[in-house]
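User: I would like to go through this structure and ask how each label is justified.

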Amino acid sequence: MILKRPAELDIMAEAAVINRQALEAVERAIAVGVTTAELNAIAEDAILAGGGTPAFKGYNGFPATLCTSVNDVVVHGFPSDEPLRAGDVLSVDIGTLYKGYAADMARTYAIGDVSDEAKALIDASERSLQAGIDAMRAGNRLGDVAAAIQAVVEDAGFWVVREFVGHGIGRAFHEAPNVPNFGRAGTGPVLRSGLVLAIEPMVTVNQTAVDVLEDGWTAVSADGSLAAHVEHTVAVTDDGPWVLTAPRASRASERGTSTTNAAQWADGRADPAGR
Ligand code: MF3
Ligand code: CO
């Protein structure tokens with residue numbers, strides 16, 4: 001595991017701001033009838049305007065700036081010319097490289113009116129991410145993060161995807177360690193100050209396997225279950241978890257606190273998820 005010095009964390013925080021602002025530009029455009037290809041173009045323009053470069057585009061041949069994963073697509077969906085429809089559940093995953101460092105985040109949006117089940121799924125995924133963040137304290141173990149995420153998801157009656165995991169992040173946007181969203185508290189490596197993880201629970205309505213389509217990327221639930229995916233880039237500091245990809249409005253108060261919670265999303269904009 002690679003530990004980052006404070007000066008490196010500051011650069012990663014700048015990468016995260018560019019990434020975050022690009023996702024906010026995408027959020028402003030999300031609506032029924034918009035295509036995910038249009039959202040992808042908005043994201044790419046925003047990252048470049050911010051001085052960064054898209055982290056995903058060209059990574060192992062991935063073709064786009066965004067992963068856009070609709071309904072039963074769990075992760076790594078390709079942006080397409082298919083318009084979004086009312087009732088869709090859209091996960092948007094975005095990564096930025098800046099001054100040699102990476103930031104990675106994802107959110108899931110309700111498009112128009114969605115089912116109560118879809119709302120509950122999105123809510124559980126966000127709460128599980130927050131539980132994982134809260135466990136990112138020096139001296140805790142990686143299994144504490146995993147178990148915290150899993151407990152929230154399962155208490156809500158949903159299923160944690162096993163086939164994909166979060167990851168360390170820094171100069172490379174995938175570094176050791178793998179960060180599973182399931183596991184046992186008190187197990188695994190000890191977390192130390194300077195460790196940065198991309199925590200990214202992937203949640204399905206039912207217990208199901210995840211299959212990858214012939215394009216080599218698109219990961220779908222085998223049983224057609226709706227899926228949600230949320231992600232933050234988070235540093236362990238002596239003062240507690242620092243959510244690098246949190247909204248700017250709450251950034252000052254993020255550092256050294258565990259006050260990140262659902263309210264962090266309430267940053268004064270209309271929320272496309274309708275919450
Ligand atoms: N957040 C995802 C991940 O960590 C996004 C990767 S898309 C890829 O795996 F194309 F870049 F792989
Ligand atoms: Co990631």
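The turns below take the pockets, the ligand and two backbone features.

Analyst: This is a predicted model, in which local features need pLDDT of at least 70 and side-chain atom pairs count only at pLDDT 80 or more, while totals for chains, interfaces and linings use all residues. Residues are numbered from 1 along each chain as its sequence is written, chains are lettered from A and ligands numbered from 1 in the order in which they are written, and side-chain values use heavy atoms, with hydrogens and water left out.

User: How do you know which residues line the largest pocket?

Analyst: On a 1 Å grid over the protein atoms alone, a pocket is an open set of points where a 1.4 Å probe fits, with protein on both sides within 12 Å along at least five of seven lines; a lining residue has an atom within 4 Å of a point. The largest pocket has 20 such residues, and His76, Phe173, His174, Glu200 and Trp217 are the closest to its centre. Its volume, the space filled by probe spheres set on the points, is about 320 Å³.

User: What makes ligand 1 count as sitting in a pocket?

Analyst: A molecule sits in a pocket if more than half of its atoms lie within 2 Å of the grid points. Ligand 1 passes this test for the largest pocket. Around ligand 1 there are 13 residues, the closest being Phe62, Asp93, His167, His174 and Glu200; to be counted, a residue needs a heavy atom within 4 Å.

User: Why is the pair between Asp93 and ligand 1 called a polar contact?

Analyst: A polar contact is a pair of N or O atoms within 3.5 Å. A nitrogen atom of ligand 1 is 2.6 Å from an N or O atom in the side chain of Asp93, so the pair qualifies. Oxygen atoms of ligand 1 also have partners: a polar side-chain atom of His167 at 2.8 Å, and one of Glu200 at 3.0 Å. Of the 330 Å² of accessible area that ligand 1 has on its own, the protein covers 95% (Shrake-Rupley method, 1.4 Å probe).

User: What makes the bond from Ala176 to Pro177 cis?

Analyst: Its omega is near 0°. Most peptide bonds are trans. Pro177 belongs to strand 8 (residues 175-179); a strand is a DSSP run of E with at least two residues, numbered from the N terminus.

User: What is the phi of Asn71?

Analyst: Phi of Asn71 is near 60°, a positive value in a residue other than glycine. Most residues other than glycine have a negative phi. Asn71 is in the loop between strand 2 and strand 3 (73-75).

Note on methods:
Polar contact = N/O pair within 3.5 Å; in protein donor to acceptor, adjacent residues only side chain to side chain. Helix = DSSP H or I, 4+ residues; strand = E, 2+ residues; numbered from the N terminus.
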